[in-house]
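Open the model in your viewer and show it as a cartoon with the surface available. The stops below go from the whole chain to single residues.

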Amino acid sequence: MKIYCCKEHVELALDIIVDETEMVPVLEEVPEKDIHITCGYCSKEATYVVGN
């Protein structure tokens with residue numbers, strides 16, 4: 001599971017990953033090749049990828 005998010009929604013994405021997977025999430029910056037992807041919660045450009 002991966003969630004792309006902006007700086008505003010990073011805490012929400014971290015909480016959702018923990019709730020759904022019960023594992024420690026991995027927080028990474030969005031790679032240059034995916035720079036065009038938007039946040040999963042708003043229309044801003046994604047800054048982070050939260051996953052497990």
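**Whole chain**

Turn on the surface of this predicted model: the protein exposes about 3,700 Å², and carbon and sulfur atoms supply 51% of that area. Now hide the surface and show the C-alpha trace. The C-alpha atoms fill a box of roughly 30 × 20 × 15 Å along the principal axes. The radius of gyration is 10 Å, which agrees with the value near 10 Å for a compact globule of 52 residues. Of these 52 residues, 29% are buried.

Colour by charge next. There are 4 positive and 11 negative charges, and their mean positions lie 7 Å apart.

**Secondary structure**

Switch to the cartoon and follow the chain from its start. The protein has 1 helix and 3 strands, in the order β-α-β-β along the sequence. Contacts between residues at least 6 apart in sequence are worth displaying too: 61% of them join residues at least 24 apart.

**Strand β1 and its partner**

Select residues 2–5, which form strand β1. Which residues are on its covered face, and which on its uncovered one? Ile3 and Cys5 are on the covered face, while Lys2 and Tyr4 are on the uncovered face. In a regular strand the side chains alternate between the two faces of the sheet.

Add residues 48–51, strand β3, to the selection. Strands β1 and β3 run antiparallel and are joined by 4 bridges. To see the pairing at one position, pick Ile3: Val50 in β3 stands opposite.

**Tyr4**

Stay in strand β1 and select Tyr4. Leaving aside neighbours within four places in sequence, Tyr4 is in contact with Val30, Asp34, Ile37, Thr38, Cys39, Gly40, Ala46, Tyr48 and Val49. Draw a distance from Tyr4 to Val30: these residues are 26 apart in sequence, and their C-alpha atoms are 7.8 Å apart.

**Cys6**

Move on to Cys6, in the loop between β1 and α1 (10–21). Is Cys6 buried or exposed? Cys6 has a relative accessible area of 3%, and the limit for buried is under 20%, so Cys6 counts as buried.

Show what surrounds this residue. Not counting residues up to four places away in sequence, Cys6 touches Cys39, Cys42, Lys44, Glu45, Ala46, Thr47 and Tyr48. For the last stop, draw a distance from Cys6 to Val18: they are 12 residues apart along the chain, and their C-alpha atoms are separated by 18 Å.

Note on methods:
Residues are numbered from 1 along each chain as its sequence is written. This is a predicted model: local features need pLDDT of at least 70, side-chain atom pairs count only at pLDDT 80 or more; totals for chains, interfaces and linings use all residues. Side-chain values use heavy atoms; hydrogens and water are left out. Buried means under 20% relative accessible area, exposed over 50%, partly exposed in between (1.4 Å probe, protein chains only). Helices (H or I, at least four residues) and strands (E, at least two) are DSSP runs, numbered from the N terminus. Two strands pair if DSSP finds at least two bridges between them. The radius of gyration is taken over C-alpha atoms; the globule rule is 2.2 Å times the number of residues to the power 0.38. Contact means heavy atoms within 4.5 Å. Accessible areas come from the Shrake-Rupley method with a 1.4 Å probe; for residues, only the protein chains shown count as cover. Lys and Arg count as positive and Asp and Glu as negative; His and the chain ends are not counted. The place of a charge is taken as NZ of Lys, CZ of Arg, CG of Asp or CD of Glu.
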